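Trainee: I have a model open and would like to talk it through with you. Could you help me find my way around?

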Amino acid sequence: MDRIILHSDINSCYASIEHALHPEYDNLPLAVGGSAESRHGIILAKDELAKRCGVKTGMALWQAKQLCPELNILPPRMDIYLQFSAHAQEIYSEYTNLREPFGIDESWLDLSGCHAVSDGASAAREISARIKRELGITVSVGVSWNKVFAKLGSDYRKPDAVTCITRENYRDIVWPLPAESLLYVGRATSAKLRAVGIRTIGEIAAADPQLLHRRLGKAGYVIHAFANGLDASPVRREDLDVPVKSISNSSTFYRDLVCDEDVRIGLLSLAESVALRLRRGGFRCRLITVSVRGTDLNWKHHQARLPRPTTLTQDVFQAGMALFREMHRWPAPIRSLGITLAELESADIPEQLDFFGASELRERQAGLESTIDGIRSKYGYGAIRRGLTASNLRLSGTTPGSGHSFRPLDFSAGH
């Protein structure tokens with residue numbers, strides 16, 4: 001018997017919550033945007049009225065205002081959005097404990113075997129009505145027998161809609177959609193697919209899996225299975241810890257970075273940030289990716305495997321600087337930097353000793369990092385600073401332990 005999987009997605013989450021709290025903006029275009037003064041001046045979320053005017057997420061505030069002069073832009077209030085997200089989870093929890101958040105605004109629910117649920121469509125409509133009545137916002141809900149198609153269903157019609165994708169209709173609904181509509185088909189993967197004439201999900205489903213594997217590696221088999229509805233990944237229980245795949249942080253600086261010294265300050269601050277979370281989580285990493293965004297707002301990424309798994313800030317920083325110098329040449333200014341640590345392993349796994357005494361030095365460095373972590377935990381980040389970051393406190397504005405992003409293991413982990 002097929003599972004009953006729902007994917008509930010809060011429509012235009014931040015903007016919808018602001019509308020619910022600000023009735024004075026009813027029937028007026030509204031967006032949530034960052035601070036132009038701190039150079040985070042982009043659109044973070046927009047409502048349907050703004051969307052119809054051409055306003056897009058990630059667009060500069062001044063561009064959005066040009067397209068939609070009547071646009072009301074409010075600052076983000078993450079604490080409020082998290083409260084609404086928690087309230088939505090409370091509603092979902094009355095139907096099942098098999099619920100898996102996917103960001104602040106999305107969640108999968110497995111209603112299979114729930115005696116109070118007659119069918120997925122009825123449950124989806126009931127949940128949608130309760131969210132609207134109790135929270136004053138709307139959701140789009142997809143219903144299917146697997147997580148991938150349930151998410152496609154929630155994306156299929158917006159806002160405030162319920163879409164059922166069944167074994168009988170999925171070829172008609174799913175297969176004509178663009179390839180990039182499928183979970184984990186991003187811009188780079190989509191470009192590789194277009195290069196071999198694959199533009200829709202149906203064409204992915206009909207493609208030779210070996211061809212997809214040659215073009216995309218392991219991900220080729222995964223998206224071929226997804227396109228054919230072959231996704232058996234479970235909805236994780238609400239109290240189940242999700243294994244971590246990577247740890248990342250990025251920052252847009254108060255001014256452009258125009259020399260190596262600027263980048264060293266910015267990257268060291270980010271290295272401290274991600275390395276601290278690495279140690280707190282009890283991990284070591286083997287792979288580092290550095291991301292660079294110029295004034296054209298396009299990101300470039302470069303990655304490398306580390307000589308040995310590490311938790312040390314200095315290792316992350318030095319590898320990050322080497323990657324940066326490989327992919328960037330001055331005088332082009334830098335607007336944003338990011339670091340991602342991946343291929344994580346438990347820090348409890350024994351390390352191979354070094355015959356030349358480097359292991360003893362690394363142990364002393366690890367002890368020093370632990371001492372610094374303890375001082376900062378007790379007295380705050382400013383209690384102790386590295387000399388480089390202290391030379392420009394505004395450029396080193398990232399506080400270790402804050403603003404991190406954790407990526408859980410994705411569907412491909414089990415394939």
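**Overall picture**

Mentor: Let us start with the contacts: of those in the protein chain with a separation of 6 or more, 67% are between residues 24 or more positions apart. Please keep in mind throughout that this is a predicted model.

Trainee: OK, and how many helices and strands are in the protein chain?

Mentor: The protein chain has 15 helices and 13 strands. It is made of 415 residues, and buried residues make up 47% of them.

Trainee: What does the accessible surface come to, and what share belongs to carbon and sulfur atoms?

Mentor: The accessible surface of the protein chain is about 20,700 Å², and carbon and sulfur atoms account for 53% of that area.

Trainee: Let's turn to helix packing. At what angle do H4 and H5 pack?

Mentor: Helix H4, residues 78-93, packs against helix H5, residues 120-135, at an angle of about 140°, and their axes are 11 Å apart. Since angles over 145 degrees would count as roughly antiparallel, the pair falls short of that class and H4 is therefore oblique to H5.

Trainee: Which residues make that contact?

Mentor: On the H4 side they are Phe84, His87, Ala88, Ile91 and Tyr92, while H5 contributes Ile127, Arg130, Ile131, Glu134 and Leu135. Sorted by class, the contact of H4 with H5 has seven nonpolar residues, one polar and two charged.

Trainee: And H10 with H11, how far apart are the axes there?

Mentor: The axes of helix H10, residues 209-216, and helix H11, residues 218-227, are 6 Å apart, with a packing angle of about 135°. H10 and H11 are therefore oblique to each other, and H10 passes H11 in a right-handed crossing.

Trainee: Which residues are involved in that one?

Mentor: From H10 the contact takes Pro209, Gln210, Leu212, His213 and Leu216, and from H11 it takes Lys218, Ala219, Gly220, Tyr221, Ile223 and His224. Of the residues in the contact of H10 with H11, six are nonpolar, four polar and one charged.

Trainee: Changing topic to the backbone: which residues does a cis peptide bond join, with omega about -10°?

Mentor: That bond joins Lys158 and Pro159, and Pro159 lies in the loop between helix H6 (147-156) and strand E8 (162-164). A cis peptide bond also joins Trp330 and Pro331, where omega is about 20°, and Pro331 sits in the loop between helix H13 (313-327) and strand E12 (334-346).

Trainee: What is phi for Asp160?

Mentor: Asp160 has a positive phi of about 55° although it is not a glycine, and Asp160 is in the loop between H6 and E8. With a relative accessibility of 32%, Asp160 counts as partly exposed.

Trainee: And where is Tyr184 found?

Mentor: Tyr184 is in the loop between helix H7 (170-173) and helix H8 (187-195). Its phi is near 75°, a positive value in a residue other than glycine, and Tyr184 is partly exposed, at 37% relative accessible area.

Trainee: One last residue: is His19 buried or exposed?

Mentor: His19 belongs to helix H1 (residues 13-21), and its relative accessible area is 18%, so it is buried, given that buried means under 20%.

Trainee: What does His19 touch, not counting residues up to four places away in sequence?

Mentor: Leaving out residues up to four places away in sequence, His19 touches Tyr25, Asp26, Leu28, Leu30 and Asp47.

Note on methods. Residues are numbered from 1 along each chain as its sequence is written. This is a predicted model: local features need pLDDT of at least 70, side-chain atom pairs count only at pLDDT 80 or more; totals for chains, interfaces and linings use all residues. Side-chain values use heavy atoms; hydrogens and water are left out. Axes are lines fitted to C-alpha atoms, for helices over the stretch in contact, and angles run from 0 to 180 degrees between N-to-C directions. Helices (H or I, at least four residues) and strands (E, at least two) are DSSP runs, numbered from the N terminus. Angles under 35 degrees count as roughly parallel, over 145 as roughly antiparallel, 65 to 115 as roughly perpendicular and the rest as oblique. A crossing is left-handed if the near helix is turned anticlockwise from the far one by less than a right angle, and right-handed if clockwise. Contact means heavy atoms within 4.5 Å. Ala, Val, Leu, Ile, Met, Phe, Trp, Tyr, Cys and Pro count as nonpolar, Asp, Glu, Lys and Arg as charged, and the others, Gly among them, as polar. Buried means under 20% relative accessible area, exposed over 50%, partly exposed in between (1.4 Å probe, protein chains only). Accessible areas come from the Shrake-Rupley method with a 1.4 Å probe; for residues, only the protein chains shown count as cover.
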